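The exercises below ask you to read a protein model step by step. Try each task before you read its solution.

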Amino acid sequence: MRGVVVSGRHRIGKAFRFEAAHFLPGLPEGHQCSRMHGHSYEAVFVLTADQLVEPGFVTDFGDLAPVKKLIGTTLDHRTLNDVLPVAPTSENLAAWLADWFVEHVEPSLPGRLVSVRVSETATSWAEFVLEER
């Protein structure tokens, strides 16, 4: 058997689930999202690396444990309006999570964050894609 000869880039993804409530201020009266409501959220973190580290990882999934801790202590079963410094849309939540990850987790990893995708439902999502670095 020979080694991999095609060119390309490896990416990995890790999903984290949590329950939270929010409401979106500034919407027209009667808009369903202006009222307090909850979602079963999923946040997916996608990473890449220029080279794999032994034994062939972009990043060890276990090294993403700080994300699980952040979500469990800061977002899960919370009202996102009380936690986030921005309006708690999926778009803003994805960018906030990406910013936190780059500052707190990425410096200790061999891989780097590509994107964060946040789903409020099984059929809708918002994604924050980082600039090429």
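**Exercise 1.** Which side chain meets that of arginine 9 in a salt bridge?

Solution. The model is predicted, so local features need pLDDT of at least 70 and side-chain atom pairs count only at pLDDT 80 or more, while totals for chains, interfaces and linings use all residues. Residues are numbered from 1 along each chain as its sequence is written, and side-chain values use heavy atoms, with hydrogens and water left out.

Step 1. Take the definition: a salt bridge is a side-chain nitrogen of Lys or Arg within 4 Å of a carboxyl oxygen of Asp or Glu.

Step 2. Apply it. The partner of arginine 9 is aspartate 50, at 3.1 Å from N to O.

Step 3. Place the two residues. Aspartate 50 sits in the loop between E2 and H1 and arginine 9 in the segment before E1; the pair links distant parts of the chain, 41 residues apart. Such labels stand for DSSP runs numbered from the N terminus: helices are H or I runs of at least four residues, strands are E runs of at least two.

**Exercise 2.** Which residues are linked with Asp50 in a network of salt bridges, and how exposed is each?

Solution. Step 1. Aspartate 50 also forms a salt bridge with arginine 112, the closest N and O atoms being 3.2 Å apart. Arginine 112 is in strand E4, 62 residues from aspartate 50.

Step 2. The network therefore consists of Arg9, Asp50 and Arg112.

Step 3. Classify by relative accessible area: buried is under 20%, exposed is over 50%, and partly exposed is in between (1.4 Å probe, protein chains only). Aspartate 50, at 60%, is exposed. Arginine 9, at 46%, is partly exposed. Arginine 112, at 16%, counts as buried.

**Exercise 3.** Where in the structure do arginine 117 and glutamate 127 lie?

Solution. Step 1. The two residues form a salt bridge, with 3.7 Å between the closest N and O atoms.

Step 2. Arginine 117 lies in strand E4 and glutamate 127 in strand E5 (residues 124-129), so the bridge ties together parts ten residues apart in sequence.

Step 3. Arginine 117 is partly exposed at 30%, and glutamate 127 is partly exposed at 35%. In total, the structure holds four salt bridges.

**Exercise 4.** In what order do the strands form the sheet?

Solution. Step 1. Count the elements: there are three helices and five strands. Along the sequence they follow the pattern β-β-α-β-α-α-β-β.

Step 2. Two strands pair if DSSP finds at least two bridges between them. The five strands form an open sheet in the order E3-E1-E2-E4-E5, with mixed pairing.

Step 3. Strand E3 (78-79) and E5 each have a single partner strand, so they stand at the edges and one side of each has no neighbour in the sheet.

Step 4. Look at one edge. E1 and E3 run parallel and are joined by two bridges; arginine 78 in E3 is the bridge partner of alanine 20.

**Exercise 5.** Which residues of H1 are buried, and what do they pack against?

Solution. Step 1. The buried residues in H1 are Val67, Leu70, Ile71 and Leu75. Seen down the helix axis, they fall within an arc of 95° (taken from the directions from the axis to the C-beta atoms), so they line one face of H1.

Step 2. On the other side of H1, Lys68 and Lys69 are exposed.

Step 3. The buried residues of H1 pack against E1, E2, E3, helix H2 (80-83) and H3. Contact here means heavy atoms within 4.5 Å.

**Exercise 6.** Which element gives the largest share of the largest nonpolar core?

Solution. Step 1. A nonpolar core is a set of buried Ala, Val, Leu, Ile, Met, Phe, Trp, Tyr and Cys residues joined through side-chain atoms within 4.5 Å.

Step 2. The largest core has 30 residues, and Phe45, Leu47, Leu75, Leu93, Leu97 and Phe101 touch the most other members. Two or more residues come from each of strand E1 (11-22), strand E2 (37-48), helix H1 (65-75), helix H3 (90-104) and strand E4 (112-121).

Step 3. The largest share is that of H3, with seven residues.

Step 4. Check one member. Leaving out residues up to four places away in sequence, phenylalanine 101 touches Phe45, Leu47, Leu64, Val67, Glu106, Pro107, Leu109 and Leu113.
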